[in-house]
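The exercises below are meant to be worked through with the sequence and the three-dimensional view side by side. Please try each task before reading its solution.

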Amino acid sequence: MNVNTRDGVQPFVGEDGSIIRELASPHNSDLSGHSLAEIRHPPGTASQEHYHTEAEEVYYVIAGHGGVRVDGETREIKQGDVVVIVPGQHHKVWQKGEGDLVLLVTCAPAYSVEEVVFTE
């Protein structure tokens, strides 16, 4: 059994300025088929548009406000919203307003940089 604590996972800063905590993945647990991360977008930050060749991805908004674009369709997102992204869908997320946009993000299969294609 693996038990990780959020505060026990060292965050790192992504190229887009987001703060990422890989909460459970093949890198730090017995998982092999999916991963779970907290991604925090401070004011003024946005992800780079990209798509996954294999992974299904789900964003659950824990806190804050922002926007998401999936295959050209843009929506506002806020605490409690869930965004489902399937392989091949181009997507981007950004923070808006006050405070950080905080997402709980799952990927199945587990996130792997090798299967991500950046489009901007």
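**Exercise 1.** Which element gives the most to the lining of the second largest pocket, and with how many residues?

*Solution.* Keep in mind throughout that this is a predicted model. Begin with the pocket itself, which holds about 190 Å³ of space. Its lining is made up of V68, V70, E73, R75, E76, I77, D81, V82 and V83. Next, assign these residues to elements: β6 (65-70), β7 (73-78) and β8 are the ones that give two or more residues to this lining. The answer is β7, which gives the most, with four residues. As a last step, sort the lining by class, which yields five nonpolar residues, no polar ones and four charged ones.

**Exercise 2.** Describe the two faces of strand β8 and find its pairing with β5.

*Solution.* Strand β8 covers residues 82-85, and on its covered face are V83 and I85, whereas V82 and V84 belong to the uncovered face. Now look for the neighbouring strand: β5, residues 56-63, pairs with β8 in the antiparallel sense over four bridges. To locate one such contact, start from V58, whose bridge partner in β8 is V84. V84 is thus a residue of the uncovered face as well as the bridge partner of V58.

**Exercise 3.** Trace the salt bridges of R40, and say which parts of the chain the pair R40 and D100 ties together.

*Solution.* Take the partner E38 to begin with: its side chain meets that of R40 in a salt bridge, at 4.0 Å from N to O. E38 is buried, because its relative accessible area of 7% is under the 20% cut-off. R40, with a relative accessible area of 22%, is partly exposed. Then turn to the other partner, D100, whose side chain meets that of R40 in a salt bridge of 3.3 Å, N to O. R40 lies in strand β3 (residues 35-41) and D100 in the loop between β9 (91-96) and β10 (101-108), so this pair ties together parts that are 60 residues apart in sequence. D100 is itself partly exposed, at 24% relative accessible area. Finally, widen the view: R6, D7, R21, E38, R40 and D100 are linked in a network of salt bridges.

**Exercise 4.** How far apart are the closest N and O atoms of K78 and D81?

*Solution.* These two residues form a salt bridge in which the closest N and O atoms are 3.5 Å apart. For their surroundings, compare the accessibilities: K78 counts as partly exposed at 43%, and D81 is also partly exposed, with a relative accessible area of 21%. To set the pair in context, a search of the whole structure finds 10 salt bridges.

**Exercise 5.** Which element supplies the largest share of the lining of the largest pocket?

*Solution.* First consider the space, since about 710 Å³ lies in the largest pocket. Of the 29 residues that line this pocket, F12, I20, I39, Y111 and F118 are the closest to its centre. Several elements supply at least two lining residues each, namely β1 (12-13), β2 (19-24), β3, β4 (50-52), β5, β10 and β11 (116-118). The largest share, five residues, comes from β3. By class, the lining divides into 15 nonpolar, 10 polar and four charged residues.

Key: Residues numbered from 1 in each chain as written. Predicted model: local features only at pLDDT ≥ 70, side-chain atom pairs only at ≥ 80, totals over all residues. Heavy atoms only, no water. Buried < 20%, exposed > 50% of the residue type's maximum accessible area, 1.4 Å probe, protein only. Pairing = 2+ DSSP bridges. 1 Å grid on protein atoms, 1.4 Å probe; cavity = no way out; pocket = protein on both sides within 12 Å on 5 of 7 lines; lining within 4 Å. Points joined across faces, edges and corners; volume = space filled by probe spheres on them. Nonpolar A, V, L, I, M, F, W, Y, C, P; charged D, E, K, R; others polar.
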